[in-house]
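Reader: I would like a close look at one part of this model, with its surroundings described carefully enough that I can follow along in the structure.

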Amino acid sequence: MFELIRANQRRAAFLVVAVAGLLIATGYAIGEVVQPGAGPAGLVAGFALWAILSVVAYSSGDSIFLGLAGARRIEKKDHPVLFNVVEEMCVASGLATPPAVYVIDQEAPNAFATGRSETGASIAVTAGLLERLDRDELQGVIGHELAHIKNRDVLYLMMLGALAGAIVILADAGRRFLWYGRGRRRTSDKGGGGAVILVVALVLMIVAPIVAHLLYLAVSRRREYLADACGARFTRYPEGLASALEKIAASPAALSGVSRAMAPMYISDPLATPGARRLSSWGGTHPPIEERIRILRSMAGEASLARYEESFRKVTRRPVGVFPAAVLAEERAAAATRAPTPDPRTRVDRVRQTTDMLWRLKGFAFLPCACGTTLKVPPAYAGETIHCPQCGAEHPVPHPAVTV
Amino acid sequence: MLVLLVLLALAAILVIFVIGVYNGLVRARNDVKNGWSQIDVQLKRRHDLIPNLVETVRGYMTHERGTLEAVTKARQQAISVSGDVADRMKAENMLSQTLRSLFAVAESYPDLKANQNFLALQEEVTSTENKIGFARQYYNDTAMRLKNKVEMFPSNIFASMFGFSPEPFFEVETAAERQAPQIKF
C-alpha cells in the first residue's frame with residue numbers, strides 16, 4: 001500500500017507534466033497563428049485558463065459535487081451500520097481521519113468519494129445501495145472508495161481534468177479564430193514558416209483535445225482497477241466487492257444529478273446505461289463492470305495486490321498489468337481471504353433502516369406506541385395530538401417535531 | 001577545484017539520500033506504533049461495551065446465569081492481565097469466545113431479539129470485533145513494511161546503524177477467530 005501510493009504519485013506527476021506540455025505546445029502554436037510572434041502570449045493564455053479551472057476545482061470542487069448529487073450529511077445515529085462499516089475500513093486502511101458520510105436519496109445503487117487529501121474527505125452512498133447490499137458487500141464498496149481517497153485519485157483526476165479542459169477550450173478558440181477571423185489577414189501572411197506553423201497548429205487543435213481526453217479516461221479506468229484491488233485487500237474478501245458490483249450492474253435505475261467531472265469517482269459509471277456498463281470500451285471512465293467482477297472472482301483465496309495483478313492479466317489477457325514492479329516487490333506478504341461475516345439483517349430490515357433514516361432527515365417525528373407501532377409524524381402536522389392507527393391510543397405531538 | 005566540487009556534490013547527494021532513508025524508517029516505525037495503539041483502542045472499546053450488554057441481556061436471560069458470568073469474568077480477566085502480549089491476546093480471545101456463545105444463546109430469546117437496545121449493542125459489538133480484526137491486519141501490514149525496510153538493501157545498512165529492528169507479528173489467526181460472533185436469524 002505504501003509503495004503503491006508513492007508509485008502512483010510518481011506516475012501522476014509524470015502524466016500531469018506531459019499533459020501540461022501538450023497545453024504549452026497548443027497554446028504556443030495557436031498564439032503564433034493568431035499573430036506571428038504572439039506564441040508566448042498564447043502559452044500564457046493557456047496557463048491562465050488552466051489556473052482558473054484548477055482554482056475553481058480545488059477550492060469548491062467537493063461542495064459542488066456533493067451539492068449536485070443532492071447528498072445530505074448524516075451522523076452515526078442515522079445509520080449505525082453504514083458508519084461502523086466506514087470506521088472498520090478506516091482501521092483496515094490506516095486512514096486516521098474518518099471521512100464525512102453523506103447519503104443520496106436515490107434508487108440507483110452507487111457511491112462516490114471526494115476530497116483532495118486524507119483529511120476532510122467525504123463519502124456519499126445512495127439509499128438504493130444501502131437497501132441492496134449486505135454488510136460484506138457494503139464493506140467492499142466503502143473499501144473501494146477509501147482507496148480512492150488514500151491514493152489521492154480525486155486530486156489527481158481534478159488536476160488532469162482541469163488541464164484537459166484548458167486544452168479543449170483553447171483548441172476550440174483556435175478553431176473559431178481560423179474559421180472566422182483569419183480571412184481578413186490572409187494577404188499579409190505569405191511566408192513559408194507561417195504555413196508550417198499553421199499546419200502544426202491545425203493538427204494540435206484537432207489532436208490535442210482528443211489525446212488529453214483519452215489520457216484522462218485511461219487514467220480514470222486504471223484508478224478503478226487500483227481501487228478494486230485495494231478494496232479487496234482492505235477487506236480481505238474480494239467476493240464482497242464482486243457481488244456488490246454484480247448487484248449494482250443488475251439495477252436498471254439510473255442516477256440523476258451526476259456531474260461529468262465527478263463520474264470517475266463513482267464505484268460504477270453513473271452515466272452509462274445498464275447495457276453499456278457491460279461493454280468493453282476505451283471511451284469510458286470505468287472498465288466494463290463484468291470484467292471487474294471476473295477479475296475479483298478469480299483471485300481465489302488470496303487478497304493481495306500481487307494476486308489481483310495475476311488475476312487481471314489472466315482475465316484481460318493484457319501484457320501490461322496495473323501495478324508497477326516496485327509495488328509487487330514490497331507486497332510479498334500473503335493476505336489470505338477471510339470467511340464471510342453473517343449479516344443478521346434481512347432485505348426488509350435494510351429497507352426499513354434506510355427509509356427510517358431518510359424520514360428522519362426530512363424532519364419526521366418518530367413516536368413509539370405501546371402497541372408496538374411506531375408513528376411517523378410529518379413535520380407539517382399541525383395537530384396537538386395524534387391517534388395510533390393500530391390501537392387508537394392518543395399521543396401528544398412534540399412541536400416543533402423533534403426526532404427521537 | 002573541480003574535483004573538490006564534484007566530491008562536495010556527491011557528499012550532498014549521499015546526505016540527502018541518508019536523510020530520506022532515515023525518515024522512511026522512522027515513518028515505518030511510527031506506523032507500527034500507530035497500528036498497535038489502534039488495536040488497544042478497539043480492545044478498550046469492547047471492554048467498555050460489555051457491562052451495558054450484560055445489563056440489557058440479564059432481564060431476558062433468566063436461565064443463562066453461567067453464560068453471563070463467563071462473559072463478565074472473561075472481561076475482568078482481559079482487563080487485569082498485564083505484561084506479556086501473548087497472555088493478553090489469549091485473554092482477549094477467551095472474551096471473544098464467551099461473547100460468541102452469548103450471542104448464540106440469545107437466539108432462543110425472541111423478546112430479546114426484538115429489543116432495540118440489544119440490537120444496537122449487538123451491532124456495536126459485532127463492529128468492534130471486526131475493527132479488532134482489521135486493526136491486527138493493519139498492524140501486521142505495517143510490521144511487514146518495517147521488516148522489509150530493515151532487511152532489504154540499501155536501507156538495511158542504515159537500519160542497523162540507527163538501531164531499527166523489526167517488530168513481532170501477530171500469528172495468523174484461525175478463520176474462526178477472524179469471524180464476528182455467529183448469529184443466524
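Reader: How many helices and strands are there in chain A? And within that chain, what surrounds strand S4 (residues 122–126), and is S4(A) mostly covered or mostly open?

Author: The model is a predicted one, and in it chain A has 13 helices and 8 strands. Of the 404 residues of chain A, 44% count as buried, and among the contacts in this chain between residues at least 6 apart in sequence, 66% join residues at least 24 apart.

Strand S4 of chain A, residues 122–126, is mostly covered, with 5 of its 5 residues buried. In a regular strand the side chains alternate between the two faces of the sheet. In S4(A) both of these faces are covered, for Ser122(A), Ala124(A) and Thr126(A) are buried on one side, while Ile123(A) and Val125(A) are buried on the other.

The strand has pairing partners as well. Strand S2 of chain A, residues 100–104, pairs with S4(A) in the parallel sense over 5 bridges, and within that pairing Val101(A) has Ile123(A) as its bridge partner. Strand S3 of chain A, residues 111–114, runs antiparallel to S4(A) and is joined to it by 4 bridges; here Thr114(A) stands opposite Ser122(A). Ile123(A), the partner of Val101(A), and Ser122(A), which faces Thr114(A), are also among the buried residues of the strand, on opposite sides of it.

Another pairing in chain A may be set beside this one. Strand S5, residues 365–368, and strand S6, residues 374–377, pair in the antiparallel sense over 4 bridges, with Leu367(A) opposite Leu375(A). S5(A) and S6(A) form a hairpin that has 5 residues between them, and in its turn Gly372(A) has a positive phi of about 105 degrees.

Backbone angles deserve a look elsewhere too. Most residues other than glycine have a negative phi, and most peptide bonds are trans. Arg152(A), although it is not a glycine, has a positive phi of about 60 degrees, and it lies in the loop between helix H5 (135–150) and helix H6 (153–181) of chain A. Because Arg152(A) has 21 C-beta neighbours inside 10 Å, it counts as buried. Arg236(A), likewise a residue other than glycine, has a positive phi near 60 degrees, and its place is in the loop between helix H7 (192–235) and helix H8 (238–250) of chain A. Arg236(A) has 22 C-beta neighbours inside 10 Å and therefore counts as buried. In chain B, the peptide bond from Phe153(B) to Pro154(B) is cis, with omega near 0 degrees, and Pro154(B) is found in the loop between helix H5 (116–151) and helix H6 (155–162) of that chain.

Chain B also offers a helix pair. Helix H1 (residues 2–58) and helix H2 (residues 65–80) of chain B pack at an angle of about 165 degrees, with their axes 11 Å apart, and because of that angle H1(B) is roughly antiparallel to H2(B). The crossing of the two helices is left-handed. From H1(B) the contact is made by His47(B), Ile50(B), Val54(B), Val57(B) and Arg58(B), and from H2(B) by Leu68(B), Val71(B), Thr72(B), Arg75(B), Ala78(B) and Ile79(B). Sorted by class, the contact of H1(B) with H2(B) has 7 nonpolar, 2 polar and 2 charged residues.

Conventions
Residues numbered from 1 in each chain as written. Chains lettered and ligands numbered in written order. Predicted model: local features only at pLDDT ≥ 70, side-chain atom pairs only at ≥ 80, totals over all residues. Buried ≥ 20, exposed ≤ 12 C-beta atoms within 10 Å, placed from the backbone. Pairing = 2+ DSSP bridges. Axes fitted to C-alpha atoms, helices over the stretch in contact; angles between N-to-C directions. Parallel < 35°, antiparallel > 145°, perpendicular 65-115°, else oblique. Left-handed = near helix turned anticlockwise from the far one by under 90°. Contact = placed C-beta atoms within 7 Å. Nonpolar A, V, L, I, M, F, W, Y, C, P; charged D, E, K, R; others polar.
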